[in-house]
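Got your viewer open? Grab the mouse and follow along, one selection at a time.

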Amino acid sequence: MIALSSDLRDARLQLLVDQLEGGTLTLYTATQPETGAAITTQTALIAIALPANLTISNHAVTLALAPAAVIASGTAAWGRITSSTAAFVLDGDCGIVSSNALFRLTTTALTIGDYLATLTASFSE
């Protein structure tokens with residue numbers, strides 16, 4: 001186990017926050033490519049704008065995500081966050097709320113025209 005100082009934990013988290021601010025979370029159908037690899041046959045189901053001006057509090061940052069319209073029907077299998085300049089930041093799996101997935105949804109079956117209600121995301125060190 002490694003235990004980092006509070007300042008170092010916040011500094012690492014700030015690096016992530018700097019990339020998240022004003023970026024986009026996009027959820028896709030399967031299959032997830034290698035980390036950061038190009039999107040090929042996957043379908044983008046929804047793109048959610050990430051807020052700017054994020055603040056670290058107690059070694060965590062919480063993002064309040066505005067409702068967004070589903071742009072294609074399908075099963076959300078994974079998601080990608082890109083920066084405000086469209087650079088790759090991170091990939092993660094999708095699952096239902098009770099799962100251990102990075103991106104947790106009430107249902108992974110998304111239907112075009114539906115809206116995902118207000119969501120929150122949290123990253124911590």
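What follows is a short walk through a sheet, a core and some charged pairs. Keep in mind that this is a predicted model.

**Stop 1: the sheet**

Switch to cartoon view and look for an open sheet of five strands, in the order 2-1-6-7-8, with mixed pairing. Strands of a sheet pair through backbone hydrogen bonds, either parallel or antiparallel. Which strands sit at the edges? Select residues 44-49 for strand 2 and 103-105 for strand 8: each of these pairs on one side only. Going from one strand to the next, the twist averages 25°.

Now colour strand 6 and strand 7. They run antiparallel, and five bridges join them. To see one bridge partner up close, click threonine 82, then phenylalanine 88 in strand 7.

**Stop 2: a charged pair between these strands**

Stay here and show the side chains of arginine 80 and aspartate 91. They form a salt bridge, with the closest N and O atoms 2.7 Å apart. Arginine 80 belongs to strand 6 (residues 78-82) and aspartate 91 to strand 7 (residues 88-96), 11 residues apart in the chain. Are these two buried or exposed? Arginine 80 counts as buried because its relative accessibility is 8%, under the 20% cut-off. Aspartate 91 is buried too, at 16%.

**Stop 3: the core**

Next door in sequence, select isoleucine 81. Leaving aside neighbours within four places in sequence, isoleucine 81 is in contact with several residues, among them Leu20, Leu25, Leu50, Phe88, Phe103 and Phe123. Add Leu27 to your selection: Leu27 and Ile81 have the most contacts inside the largest nonpolar core, which has 26 residues. Which elements give two or more residues to this core? They are helix 1, strand 1 (24-28), strand 2, strand 3 (60-65), strand 7 and strand 8. In soluble globular proteins, nonpolar side chains tend to be buried together.

**Stop 4: the other charged pair**

A search of the whole structure finds two salt bridges, so one is left to visit. Select glutamate 125 and arginine 12, whose side chains meet at 2.9 Å, N to O. This pair links distant parts of the chain: arginine 12 is in helix 1 (residues 6-20), while glutamate 125 is in the segment after strand 11 (119-124), 113 residues away. Turn on the surface and compare. Glutamate 125 is partly exposed at 30% relative accessible area, and arginine 12 is also partly exposed, at 44%.

Terms used
Residues numbered from 1 in each chain as written. Predicted model: local features only at pLDDT ≥ 70, side-chain atom pairs only at ≥ 80, totals over all residues. Heavy atoms only, no water. Salt bridge = Lys/Arg side-chain N within 4 Å of Asp/Glu carboxyl O. Helix = DSSP H or I, 4+ residues; strand = E, 2+ residues; numbered from the N terminus. Buried < 20%, exposed > 50% of the residue type's maximum accessible area, 1.4 Å probe, protein only. Pairing = 2+ DSSP bridges. Axes fitted to C-alpha atoms, helices over the stretch in contact; angles between N-to-C directions. Core = buried A, V, L, I, M, F, W, Y, C linked by side-chain atoms within 4.5 Å. Contact = heavy atoms within 4.5 Å.
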